[in-house]
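Reader: I'm new to this one. Could you walk me through it, and tell me how you know what you say?

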Amino acid sequence: MQVLHQPTEISEASSTDRILAAAETLFSEQGYDAVSMNAIAARAGVSKANIFHHFSTKNALYLAVVKHACKESQTRVETVERRHQSLVDRLSHFARSQLEHMLDHGQTTRLILRELLSHGPEHGRDLAEQVFGQSFARLVDMIREGQARGELRQDADAAAVAVMLIGMNVYFFEARDLLRHYPAVDFAEDPQRFSQKMLQLMLNGILPTPQEKQS
């Protein structure tokens, strides 16, 4: 009778996924500095040598965790460009989809924001160069293309517009629990409504129109 032996080694793909999942959880719960490679190995059920087989350093593993969790952000701008023609529609869709992604992946978003506050220069450069830089540059290019078509003021700084779009979502994510208790705020439970309101303000400003001044 033939005896079938179960494989004792974890497949490469399974091992990597387990390491990334364990690292994401521990980094999010405890912060980058507080987590050891031994702790990640124990949680993933692999040896520390196995982790270093896939990731050369702890920082390389951290960046891989962020990249893995933020795959969607790498293609968001391209998706917006395929589906929408006008710059206003593109910016509106980008703002809504990015905020939705941040809220759906709250654990990873908190990890990134926490580490930027704790290790701004160090992790900021790595995240800009290896994770978010390309998608940010494409967003800026998309805004400049809209300017070239006459859809946006020529004197508007495209990078500043991109920062405003991302910044308003970061603030909503961080302050949502506070905003819920402000009586004047009626959009804390409706992220899409918040995005719509903020985009309208960004595009139209808050100064009165000439007609409003005359009335």
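Author: Happy to. Let's begin at a loop residue: Arg149 touches Gln85, Leu87 and Arg90, leaving out residues up to four places away in sequence. Keep in mind that this is a predicted model.

Reader: Where does Arg149 sit in the chain?

Author: Arg149 is in the loop between helix H8 (120-148) and H9. Its C-alpha atom and that of Ser86 are separated by 9.6 Å, with the two positions 63 residues apart along the chain.

Reader: What makes Arg149 partly exposed?

Author: Its relative accessible area is 44%. Buried would need under 20% and exposed over 50%, so at 44% Arg149 counts as partly exposed.

Reader: What about Tyr171, is that one buried or exposed or partly exposed?

Author: Tyr171, which lies in helix H9, has 46% relative accessibility and so counts as partly exposed. Setting aside neighbours within four places in sequence, Tyr171 is in contact with Arg176 and Leu179.

Reader: And why is Tyr62 called buried?

Author: Tyr62 has a relative accessible area of 0%. The cut-off for buried is under 20%, so Tyr62 is buried. Tyr62 belongs to helix H4 (residues 58-69).

Reader: Which residues does Tyr62 touch, not counting those up to four places away in sequence?

Author: They are Phe27, Tyr32, Leu111, Ile112, Glu115, His123 and Leu127. As for Leu20, its C-alpha atom and that of Tyr62 are separated by 8.6 Å, and the two residues are 42 apart along the chain.

Reader: How many helices and strands does the protein chain have?

Author: There are 11 helices and 0 strands. From the N terminus on, every element in the run is therefore an α. Of the 215 residues, 41% count as buried. Among contacts between residues at least 6 apart in sequence, 66% join residues at least 24 apart.

Reader: Back to H4. Why are H4 and H7 called oblique?

Author: The axes of H4 and helix H7 (residues 106-118) come within 10 Å and cross at roughly 140°. That makes H4 oblique to H7, because roughly antiparallel would need an angle over 145 degrees. The contact is made by Tyr62, Val65, Val66 and Ala69 of H4 with Thr108, Leu111, Ile112 and Glu115 of H7.

Reader: What is the handedness of the H4 and H7 crossing?

Author: That crossing is left-handed.

Reader: Now H10. How do you know that its span is close to the expected one?

Author: Helix H10 (residues 191-204) has 14 residues, and from its first C-alpha to its last it reaches 20 Å. At 1.5 Å a residue, the expected value is 20 Å too. Something similar goes for H6: its 18 residues reach 25 Å, close to the 26 Å expected.

Reader: What comes right after H10?

Author: Gly205, whose phi is positive, near 75°.

Reader: Which residues of H10 are buried?

Author: Pro191, Phe194, Ser195, Leu199 and Met202. Seen down the axis of H10, the buried residues fall within an arc of 125°, so they line one face of the helix. Here is some background: an α-helix has 3.6 residues a turn, so residues three or four places apart point the same way.

Reader: What do those buried residues of H10 pack against?

Author: They pack against helix H6 (87-104) and helix H9 (158-179). H6 has buried residues too, including Leu91, Ser92, Ala95 and Leu99.

Reader: Why are H6 and H10 called oblique?

Author: H6 and H10 pack at an angle of about 140°, with their axes 9 Å apart. Roughly antiparallel starts over 145 degrees, and H6 and H10 are therefore oblique to each other. H6 passes H10 in a right-handed crossing. Among the residues that meet are Val88, Leu91 and Leu103 in H6, and Pro191, Gln192 and Leu203 in H10.

Reader: And at what angle do H9 and H10 pack?

Author: At about 145°, with their axes 11 Å apart. This crossing is right-handed. From H9, Val161, Met164, Leu165, Met168, Asn169, Phe172 and Arg176 take part, meeting Pro191, Phe194, Ser195, Met198, Leu199 and Met202 in H10.

Note on methods
Residues are numbered from 1 along each chain as its sequence is written. This is a predicted model: local features need pLDDT of at least 70, side-chain atom pairs count only at pLDDT 80 or more; totals for chains, interfaces and linings use all residues. Side-chain values use heavy atoms; hydrogens and water are left out. Helices (H or I, at least four residues) and strands (E, at least two) are DSSP runs, numbered from the N terminus. The expected span of a helix is 1.5 Å times one less than its number of residues. Buried means under 20% relative accessible area, exposed over 50%, partly exposed in between (1.4 Å probe, protein chains only). The arc is that of the directions from the helix axis to the C-beta atoms. Contact means heavy atoms within 4.5 Å. Axes are lines fitted to C-alpha atoms, for helices over the stretch in contact, and angles run from 0 to 180 degrees between N-to-C directions. Angles under 35 degrees count as roughly parallel, over 145 as roughly antiparallel, 65 to 115 as roughly perpendicular and the rest as oblique. A crossing is left-handed if the near helix is turned anticlockwise from the far one by less than a right angle, and right-handed if clockwise.
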